[in-house]
Amino acid sequence: MSKLVGVLGGLGPKATIDFLAEVLDFTAATTDQEHVDMIVSQRASTPDRTDAILHEGTDPTQQMIKDAKGLETFGADFIVVPCNTASHFMEAVRESVQIPVADIVQLTVQEVVRRSADTKKVGVMATEGTLAAGVYQRALEAHGLEAVLPDARTQKQITNLIYQGVKAGKRVTPGQFFAPIAALRLMGADAVISGCTELSVIYKDLQVTDSDVIDSMDTLAKWTVVAADHQLRANSHT
């Protein structure tokens with residue numbers, strides 16, 4: 001019997017909508033009834049995670065706990081959170097519910113390892129909050145991989161893609177998206193993680209096919225289909 005997925009979303013709202021679409025697109029289904037059942041909390045008003053980490057802004061933890069409990073009450077078998085920066089706050093969220101909460105960071109790093117055993121250095125494109133929290137650095141180190149972090153100029157480009165691009169509702173050009181990827185490659189990265197779900201929106205829009213670019217939302221969406229006891233479409237395997 002298939003499982004009911006709880007989506008703790010709104011972090012941000014466009015990324016959540018794209019995540020839902022990816023789960024739909026990745027599912028091998030020919031009727032409505034064959035698709036993944038999901039309950040979605042689209043809490044766009046959740047305080048900004050990076051602001052909380054870097055500038056002592058409003059802590060989003062209690063709102064995330066409230067929404068996670070709501071998803072559990074509605075019958076979700078497990079919860080997914082299409083936001084990487086939220087990983088910094090997830091320990092308290094996991095402790096607040098009795099159902100599993102997926103770890104987007106761990107899943108993405110596992111996908112890096114699965115893609116190529118030769119990968120040693122991994123570039124990380126993410127929010128400043130995610131990098132400051134160190135969630136990807138620790139996950140990569142646990143797998144014997146070295147994190148390659150952007151320099152200040154490259155990080156500014158990434159931040160602009162996220163906040164002045166996707167979150168502001170503006171389109172991003174291929175050149176803008178691939179510039180920080182190229183910079184990380186020049187710094188020695190064998191692979192690059194697209195570790196922010198706003199970057200995932202661009203990744204999807206541009207139909208990126210580079211095998212050394214591993215997208216976190218793409219990874220989470222495919223994992224969600226399988227975890228919900230559904231089959232992936234044949235062309236969704238990488």
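Colleague: What share of the 238 residues of the chain counts as buried?

Modeller: It's 52% of them. Buried means a relative accessible area under 20%, exposed means over 50%, and partly exposed is in between, with a 1.4 Å probe and protein chains only as cover. One thing up front: this is a predicted model, where local features need pLDDT of at least 70 and side-chain atom pairs count only at pLDDT 80 or more, while totals for chains, interfaces and linings use all residues. Residues are numbered from 1 along each chain as its sequence is written, and side-chain values use heavy atoms, with hydrogens and water left out.

Colleague: How do you know how many helices and strands the chain has?

Modeller: Helices are DSSP runs of H or I with at least four residues, strands are runs of E with at least two, and both are numbered from the N terminus. The chain has eleven helices and seven strands.

Colleague: What makes the chain as compact as a globular protein of its length?

Modeller: The radius of gyration, taken over C-alpha atoms, is set against the globule rule, 2.2 Å times the number of residues to the power 0.38. For 238 residues the rule gives 18 Å and the chain has 17 Å, which is close, so the chain is as compact as a globular protein of that length. Along the principal axes, its C-alpha atoms fill a box of roughly 45 × 45 × 35 Å.

Colleague: Among contacts between residues at least 6 apart in sequence, what share joins residues at least 24 apart?

Modeller: That's 74%. A contact means heavy atoms within 4.5 Å.

Colleague: Why is serine 41 called buried?

Modeller: Its relative accessibility is 13%, so serine 41 falls on the buried side of the cut-off. Serine 41 sits in strand 2, residues 38–42. Not counting neighbours within four places in sequence, the residues in contact with serine 41 are Val7, Leu8, Gly9, Gly10, Asp67 and Leu71.

Colleague: And threonine 16, buried or exposed?

Modeller: Buried, because its relative accessible area is 0%. Threonine 16 belongs to helix 1, residues 13–26. Beyond four places in sequence, its contacts include Val7, Gly9, Val40 and Pro82. Arginine 43 is 27 residues from threonine 16 along the chain, and their C-alpha atoms are 9.9 Å apart.

Colleague: What makes glutamate 72 partly exposed?

Modeller: Glutamate 72 has 23% relative accessibility, so it counts as partly exposed. You'll find glutamate 72 in helix 3, residues 61–73. Setting aside residues up to four places away in sequence, glutamate 72 touches Ser96, Val97, Gln98 and Ile99. The C-alpha atoms of glutamate 72 and isoleucine 99 are separated by 7.1 Å, with their positions 27 residues apart along the chain.

Colleague: Why is there no bond between the sulfur of cysteine 83 and the closest cysteine sulfur?

Modeller: A disulfide is a covalent bond between the sulfur atoms of two cysteines. Here it is called as a pair of cysteine sulfur atoms within 2.5 Å. The sulfur of cysteine 83 is 6.9 Å from the one in cysteine 196, its closest, so that's too far for a bond. The structure holds zero disulfides. Cysteine 83 is buried at 6% relative accessible area, and cysteine 196 is buried at 4%.

Colleague: What makes helix 10 mostly covered?

Modeller: Seven of its nine residues, in the run 197–205, are buried. Among them are Thr197, Leu199, Val201 and Tyr203.

Colleague: What does glutamine 207 do just after helix 10?

Modeller: Glutamine 207 takes a positive phi of about 55°, although it is not a glycine. Most residues other than glycine have a negative phi, and most peptide bonds are trans. Glutamine 207 lies in the loop between helix 10 and strand 7, residues 213–215, and counts as exposed at 64% relative accessibility.

Colleague: Where is glutamate 56?

Modeller: Glutamate 56 is in the loop between helix 2 (49–55) and helix 3. Glutamate 56 has a positive phi of about 55° and is not a glycine either. With a relative accessible area of 77%, glutamate 56 is exposed.

Colleague: Which kind of peptide bond joins leucine 11 and glycine 12?

Modeller: A cis one, with omega about 0°. Glycine 12 lies in the loop between strand 1 (5–9) and helix 1.
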